[in-house]
Amino acid sequence: MSKHLLKLGGAGLLISVSAMAALAADTVAGKAPPDPPKFEAQQTPKFVTIGDIMEYKALAAYHEPDWVTQQFVATGKLPPVKDRLPKEPLVYKTSNMPDGVGVYGDVMRHVIGGRPQGWNYAAGQIQGWGGVDIGMFECLTRTGPLFEIKASALEPMPNLAKSWDWSPDGHVLTMHLIEGAKWSDGQPFTADDVMFYWDDNIKDPNVKPLNSAGPDSFGVGTTLEKVDDYTVKWTFKEAFPKQYLYTMAYGGFCPLPAHILKSQHPKYSKNTYDQYQNAFPPNFMDFPVMGAWVPVEYRPDDIIVMRRNPYYWKVDEKGNQLPYLDEMTYKLSTWADRDVQAVAGTGDFSNLEQAESYVEALKRSADPSAPARLAFGARTIGYSIYLNLSGNGWGEPDARAEAVRNLNRNLDFRLAVTSALDRQHLGESLVKGPFTAIYPGGLYAGTAFYDKASTVYYPFNVAVAKAELAKAGLKDTDGNGIVNFPADTPGVGGQDVSITLLADADYQTDKSLAEGVIASMEAIGLHVIENLVGGTNITGVQNSGKWDWQIFRNQSELISVVQNTANLAPTGPQTSWFHRAGKDGTVDLLPFEKDLVDVINKFIGETDAGKRVDLMKKYQKIYTENVYAVGLTQYPGALIINKRFANIPAGAPIFMFNWAEDNIFRERVFVPKDKQQNYELHPKTLPGAPGLGNGPVSG
Ligand code: BQZ
């Protein structure tokens, strides 16, 4: 515009300067975001390759805790360890273990804010988060530990899938599963478990696994078939879509035991889908897993106790069967209490992620005699306002909600919302100091694919926000300080604009940010109403689409890009967190969203590193210029671990490709003999037979 005005000459110029001043005052102008404040406390990982960490190899001899040999093997209750392990176990290399080969014993005492609904992860049940599901369910590949992999060698780690080959044209991926591995009840793990997870859970429209992997998460039109007991074959429409190997890690493809679940599935029984989902309540103990620990006891609202898996298929280079820790416990409390107990030493682990607790935690752990150490990682905790962009019925909106969706789909409206936010103040209202950074939205500053020059930031400016609201057709027609829907808006014409804001009641940070957003919107005449939902319900509400706006703690795709890449845009009907298919099964993409989907699909099939970087620059520009979501703040998390634990990798972020409960290889963590405590609740016991009310057994 200004260029236009300048051409007008003398008189025009006079008008133009004041007009420009007036216009400049109220016209939105994107600019480069400010650099995050320097944060010296951040630790750096020791970068390696995957080959430096692990391999699959048969060893000459294997070992286990002496009490297992004496109480279970010698008494014939268990076969010898060598017969419980696969042909070639996964072997962790000593050189990558910070404190070397460990010793058996002790427990890691977690405190969590979630509550278990049951063990049926495949049908979307929650196990309580906080590392419960991450520890129980192993996946085809693994990505948590990739924070320590050199960028030039970055690729998903093999896990249950020990190797894979691409066909020359890149459309077929043949995947080789670990051979001879067993579930924790001794039953064989085979391709049938993988096929049951794919055919009867991911592909079954009536079933939605936890963490929302849907068939489109692996590419529209992708197929999977069994070749033999230890080989499966993927066929993709795209060529070399290596991205999907990341999606096959935690949360995307973590098979559950077909020999336990199949008989409860409606396809193979008289059960309804509801009965299938609820077939394994939390008091169904010794539920078979491929993970290192098995749930043996559950006391509602109190605790989940897990004992070592005698069939765990990973060892160290000395042939010691992992894990080293015999027990894992999860105290059922609150997320805030997790920090308090970890710092106090009554709990052993916490992801310090709620900025409000930082000062106290830092003060307490600064004392040399403090029981826990606290280590900051990169700025990978970030919050956004997600605006529901579905204009074709996702979440069955009423007239008011429909009107809000149409506003959300209006760029001027989104420009008003983003310009009304004083992010500096928002961040400092959580915690003072160099922690929080202004986050415009999109990819995070400090991450691999972030490009400052491609990031558009609309600074805080109330006058601009109000002007943009007016441009979106919103004026306060009844003078009560709240703008009104235009008179011709179906069903709500002339009424005050009111917007619901979904937020997770279990996190102080989510609530603080919601209050900050509500106050900021009130200042420009938008009436925002908080809808706090906690516990196991929030995930359901998020997926239902029954919300206008939500405070969202961003997931890994905005940090790593390569993890869950498909979630970066509505590449499929169910892949986006805030724009899913409406009644007719289609996603009513906005024009710039079509560009985002196109960029992401190109990225998924692109193998050239330089082109991938350029694609992400384009993504960031389109995302931030169009305020696809409204970024709020970004800050580093800190890992709090009790000082008696060894083998904690340096610089492990609490969140990047996955949470620290995965990143630190808990199966390799140990407590030196002289530091071991008597905290185990069921010492020298192993999981018993799967079943309701069962529990741990001693030899
Ligand atoms: C970490 C994590 C391990 C889920 C969950 C929880 C759910 C979300 C998210 C985090 C918790 C802890 O996060 O906050 O520190 O232990 O469990 O799974 O917020 O409500 O749905 O995405 O991971």
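This text walks through the spaces inside one protein model, beginning with the ligand. The model is predicted.

Start at the ligand. Its shell holds 15 residues, and Arg338, Glu353, Tyr507, Trp659 and Glu661 come nearest. The shell is evenly mixed: five residues are nonpolar, five are polar and five are charged.

Now look at single atoms. Glu353 places a polar side-chain atom 2.6 Å from an oxygen atom of the ligand. Tyr507 also has a polar side-chain atom 2.6 Å from a ligand oxygen. For Trp659, an N or O atom of the side chain is 3.0 Å from an oxygen atom of the ligand. How much of the ligand's surface does the protein bury? On its own, the ligand exposes 470 Å², and the protein buries 92% of that.

Where does the ligand sit? The space it takes is the largest cavity. Rolling a probe the size of a water molecule over the atoms shows where empty space is left. The count comes to four cavities of 30 Å³ or more. The largest cavity has about 940 Å³ of space. It is lined by 49 residues, and those closest to its centre are Trp129, Asn211, Arg553, Gln555 and Trp659. Trp659 is thus a name to remember: it is also among the residues that come nearest the ligand.

Which elements build this lining? Helix H6 (132–136), helix H11 (335–344), helix H18 (537–544) and strand E21 (549–553) each supply at least two residues. H18 gives the largest share, with four residues. By class, the lining of the largest cavity has 16 nonpolar, 24 polar and nine charged residues.

Move on to the second largest cavity. About 190 Å³ of space lies there. Its lining has 21 residues, and Ile134, Phe137, Glu138, Arg142 and Asp662 are the closest to its centre. H6, strand E4 (141–142) and helix H22 (660–663) each give two or more residues to this lining. H6 also supplies residues to the lining of the largest cavity. Eight residues around the second largest cavity are nonpolar, six are polar and seven are charged.

Next come the pockets. What is the volume of the largest pocket? It is about 1100 Å³. The lining counts 43 residues, and Ala151, Leu154, Ala448, Phe449 and Phe657 lie nearest the centre. Strand E6 (161–166), helix H8 (244–247), helix H19 (557–560) and helix H21 (609–625) each supply at least two residues of the lining. H21 gives the most, with three residues. Sorted by class, the lining of the largest pocket has 24 nonpolar, 13 polar and six charged residues.

The second largest pocket holds about 330 Å³ of space. Of its 16 lining residues, Tyr104, Gly105, Asp326, Lys673 and Lys684 are the closest to the centre. Here the lining divides into five nonpolar, four polar and seven charged residues.

Finish with two details of the backbone. Leu322 and Pro323 are joined by a cis peptide bond, with omega about 0 degrees. Pro323 lies in the loop between strand E13 (314–316) and strand E14 (327–332). The other detail is at Phe240. Its phi is positive, about 50 degrees, although Phe240 is not a glycine. Find Phe240 in the loop between strand E9 (231–235) and H8. H8 is one of the elements that help line the largest pocket.

Key:
Residues numbered from 1 in each chain as written. Predicted model: local features only at pLDDT ≥ 70, side-chain atom pairs only at ≥ 80, totals over all residues. Heavy atoms only, no water. Near = heavy atom within 4 Å. Polar contact = N/O pair within 3.5 Å; in protein donor to acceptor, adjacent residues only side chain to side chain. Areas by Shrake-Rupley, 256 points an atom, 1.4 Å probe, with all protein chains shown as cover. 1 Å grid on protein atoms, 1.4 Å probe; cavity = no way out; pocket = protein on both sides within 12 Å on 5 of 7 lines; lining within 4 Å. Sits in = over half its atoms within 2 Å of the grid points. Nonpolar A, V, L, I, M, F, W, Y, C, P; charged D, E, K, R; others polar. Points joined across faces, edges and corners; volume = space filled by probe spheres on them.
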